[in-house]
Amino acid sequence: MSEHRRKPSQPEGGGGRAAARRAAQQRPGRGAGPARDVPTASHSGPYAEPPGPGGRAGARRSAPRGSGGRGRGAGGAGRGAGRPDKRLINYPRSDRDGWKRFLPSWKLVCGTALGFFALITAGAGIGIASVNKPDPNKAAQAQNNVFYWADGTQMVATGGSMNRQIVPIDKIPKSMQNAVISAENESFETDKGVDPMGIARAVWNMAKGGSTQGGSTITQQYVKNTYLDSNQTLKRKVTELFISIKLGVSEEKDTILAGYLNTAYYGRDAYGIQAAARAYFGKDCKDLTPSESAFLASVLKGPNLYNPDGGIGSAATPEKNTQRAKERWAWVLDREVAVGRMQKSERAQFTEFPKIIDSEQARSLSGQTGYLVETAKQYVMKVTNSTADEMARGGYQIKTTFQKPKVDALVKAVEETRNDFLDEKARPEYDTFVQFGAASVDVKTGAIVALYGGPGMDKKYFSNNANTVGVPVGSTWKPYVLAAAMEYGTQNSNGQGISADSKYNANDLTVINNRDGKPLRDASGKPFKQKNESTYPYGYVTLNEAMEKSINVPFAQLVFDVGHNKVREVAASTGILKDSMNPNNDASFALGTSTPSAIRMADSYATFAASGTHHEPFSVTSVEKDGKELPGFGAPKEQRAMDNSIADNVTKVLENVIDNGTGTKVRKLGFTRPAAGKTGTTDQNKSAWFVGYTPELSTSVALFRTDPNSADKKLISMNGVGGVDSIHGGDIPAAIWTEYMKEALKGTPVKDFPEADKIGVTADASGAPSPSPSFSPSPSPSMPSPSASSSPPVSPSPSKGGKPTCKPWELYCIPDPSGGNTNGGNTNGGPGGGSTGSPSATPSGKPGRPGGTSWGTSMGTSG
C-alpha cells in the first residue's frame, strides 16, 4: 500500500487528535476566566499544538498543565486579579487576604511620613512667618493694679511707679549677665532658643490638666515676659514657641539677653534690671557688684518666694523668703564657678549677703493699706488660680469689701488703746513687741468690712496680724465644744443633744476621764487633773455658768464626752480651717490651743449670729482685667452649718457672758445693743482674745506678744505688760472691740437676736447630784440682770482734761468725780475661774483678773 494511504498510529486510550482536542477543551472550561499562561487550543487553528506521541500518555501530560493553570487562575480570581484598583490610596489593600489587607505597605508608610513632615514644616514656616518679634519698649508700659473701697472710691493704685527703663546690653554689667546665664540657661549662647524637653513637659502638664510650665531657656522666658495675653492656653504656648524659634535664628544673643533682663519682674514693683537695681540697692544697674547681681538673679527664680520682704501666702513670710534668697544667692555664685563664669578666688570674696535698702513699695502702702491690699490679692489669686507674679504684672481693677469708715474706726480703737496702755520707753522689757490684730465681718454675707493687720508695712511690719496663724485662741474655742454637745449629745444623753442646763464638776484640779470613763494620765503616769484659773470650789455647775465664768474643768471633760472629732466637725462647718486646729485629742483641745486667724474667728462667730448659716469670708466683689470682668467674684453661697436652734442657743449662752460674765467690760463701756461674745486667754498669758457679735456685725480682736524680727516668732508672756500682772480677753481686747463696734454700728437700727428654742436634754456628768439649786447660781441667760453685781456698770467719767479718770481697759477701776481713781485690792477666791470680771469684784487697780493662769499641756486657757 502506498505511503499516503497508511493510517497513522493511534495512541492508547482514545487516539492522538481526539485526546488533544479533549485536553484543549478542558483548559478554558476549568479555569476561572481566561488563563493568562495557558493558550486556548483549537484543532483547526494554525498554531495548534501537534498531537503527542500517544493517546493516553498525551492526555496525562496535558492534565498537569491544565491543573496548574486551574490553580493559578483560581488564586488570581480570589485576590481580585484582573480588576484594577482605582482608589488613590490602596488601603485596606485589595491585593491581600484577611488581616494582611490592613498591613500598610512600605510605600504607604514612607509616603504618609513624608506628607506629615511636609505638613508640619509648612505649618511651622507659616506660623513663624506670621508672628512678630517682642518689643521690649511696649512691654515697658507697666500697668497698675487699682484697688477700690466698697463704695467704689479708689483706695490705692499699686505698681506702675517702677516702670521698665530699657538699658542696652553694654550698660548691664557682665557680672549680671554671667549670673543669669549660669542660673537660668548655661547653654544660652549655643542653643537655638528652645528647649524641646521643656516644651514636652509643658504639653504633658496641660494634657494632664495640671499647671503649665514656662519655657526653660532665656529666649522663651523673654518671649513669655513680653506676651501680653496671660491666659495659660495651648494657643499661647504654640505662639510663644514660634516666636522663640524665630528669635533663636534671627536675633543676636546679646539682644535677646538684654530684652530678657529689661522685661523680667524682680519684685518690689520693679520691672527690668534698672528698676530692680534702684528698688533693692538704690543704684544704677551698671554699678551692681557681682554679689548684688547674684542676688537679683536669685529673685528671678520667683519674687514672691525670694524677695526678702515676704510675699503672699503662708510660705512667703519675710523669714522664709530671706532664708531662701540667701541659699539661692550662694548657689548662683557657686554655679558661676562651676560653669566657668567666675574664678574661685573671686567667689571667695563674697561671704556676706548683700545689704538691701528699705522698700519704697512698702513705704507707699502705709498704715492698713498694705494689709488690705495683701488680703484682696490673696483672694483674687485664690479665685482666679493666678500667681503673685501674674498679679504683679498689673492691669487689674479690684473692688473690695472694705469699708473705709469701719477701717478708720478699728484703727482708732486699736491705736488709742495702744497709746494709752503701752509705754515702751518706760517699760521696754515688758511693753515692746506687743501686737494687735482684728477683723470685722458682715454677718449676712461674710464680707470682711474692716481689719487691723499691724502698725504698717511702711514701719517694716509685714505680717498681717488679722490673718496670722500661730496665736492660740484660748477660751473663745469653748463655744464649739458646747455647740457639738448640743448637736451630737454626750455619752450620758443616749445620743440626744444636751442643753446648757446640764451640770459638770467645776472644781479645780478635777481628774478628767477619757471616753471609756478611765482617768487620763499625765507624763508621770498619774491621773491627770485639770486646773482652773481659780481654786474656788464651784462644785457642779451648768454649762451656761461654766461658759459665763470661763471655767476650764467642765469643758475639759465635756470634749471627751462629746468626742474631739465632733467638735472639729462643728468648728469646720463654721469656717475654721482644719489645718489650724490642734490635732491632738487631749484636754487642752477644748481650751483653745488651736490657732485660727482673727478673720476666721470673726467669720466663724458670724455663723452663730446668722442662726447657723455660714458664709465664707471674702474681700473682693468684682475684678476687671484689661477691661474685661472676671467671673467667680461676689458673695459666696451660704451653707447650713448647724440647726438654727443650736446656733441661737449658743448665742443665748454667749449673751450671758457679756451681761454677767467675763465679758462685762462691754457693758461697762456703754455698749447697750444686744451682743454675744467670748473672752479667751492662753497659758502663761501669751495671748488674749475677745470675739463677739451683734445681729449685724461679728468682730474679733487678738492681743499677743512676739518679736517680729525673730527667726522663730515665739510668743512671749504678757505678764507685766502695761504695768499689770496679767492681761485677759475681757480687758484690752474687749475694750477695743467695744469702742470699734460703737462707732461701726452708729446709725444702724438696733436689732434683737432670734428667740432661742428650748432644745436638748439635761444630761449631767457622772457624779452630779440630783437636781437642786446650783452652788453658785447664775442669772437666767434670757433675763440678764445687772443686780448680779454689787454695783451697777458705770461708764468712765471725764476728768478735768476731758479724759475719763478710768482707762477703758481697767476692769476694776471706780471713777472718782474729783478726777482721781479709787483702786483697791482683789480677791482670789471669788467665783469666775479666777475672777468674775464684773464690777462686784473688789477693785485692785489691775486690768488683769487675779489668780494664776492655767498650766500644763492641757490647761493653757481661760477667759
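A residue counts as buried when its relative accessible area is under 20%. Keep that cut-off in hand as we walk through this predicted model, beginning with a helix that puts it to good use.

Helix 11 spans residues 290-299, and 10 of its 10 residues are buried, so by that cut-off the helix is mostly covered. The buried run begins with Pro290, Ser291 and Glu292, and it also includes Phe295, Leu296 and Val299. What lies over these residues? Among the elements covering them are helix 5 (174-184), helix 10 (273-281), helix 12 (303-306), helix 13 (318-338) and helix 14 (344-347).

Now let us move along the chain to helix 22, residues 552-562, where you will find aspartate 561. Aspartate 561 is buried, yet it has no salt bridge. Which side chain of opposite charge is nearest to it? That is arginine 515, 6.3 Å away. A salt bridge requires a side-chain nitrogen of Lys or Arg within 4 Å of a carboxyl oxygen, so the distance to arginine 515 does not qualify. Aspartate 561 does have a polar partner, though: its side chain is joined to that of tyrosine 504 by a polar contact of 2.7 Å. Leaving aside residues up to four places away in sequence, aspartate 561 touches Gly489, Thr490, Gln491 and Asn492, along with Tyr504 and Arg515.

Finally, a word on confidence. The chain averages a pLDDT of 79, with 72% of the residues scoring at least 70. Over residues 26-53 the pLDDT stays under 50, and the model has 18 contacts for them beyond four places in sequence. Residues 772-805 are also below 50, with 63 contacts in the model beyond near neighbours in sequence. Where pLDDT is low, the predicted coordinates should not be read in detail.

Key:
Residues numbered from 1 in each chain as written. Predicted model: local features only at pLDDT ≥ 70, side-chain atom pairs only at ≥ 80, totals over all residues. Heavy atoms only, no water. pLDDT = per-residue confidence, 0-100. Contact = heavy atoms within 4.5 Å. Helix = DSSP H or I, 4+ residues; strand = E, 2+ residues; numbered from the N terminus. Buried < 20%, exposed > 50% of the residue type's maximum accessible area, 1.4 Å probe, protein only. Lys, Arg positive; Asp, Glu negative; His and termini not counted. Polar contact = N/O pair within 3.5 Å; in protein donor to acceptor, adjacent residues only side chain to side chain.
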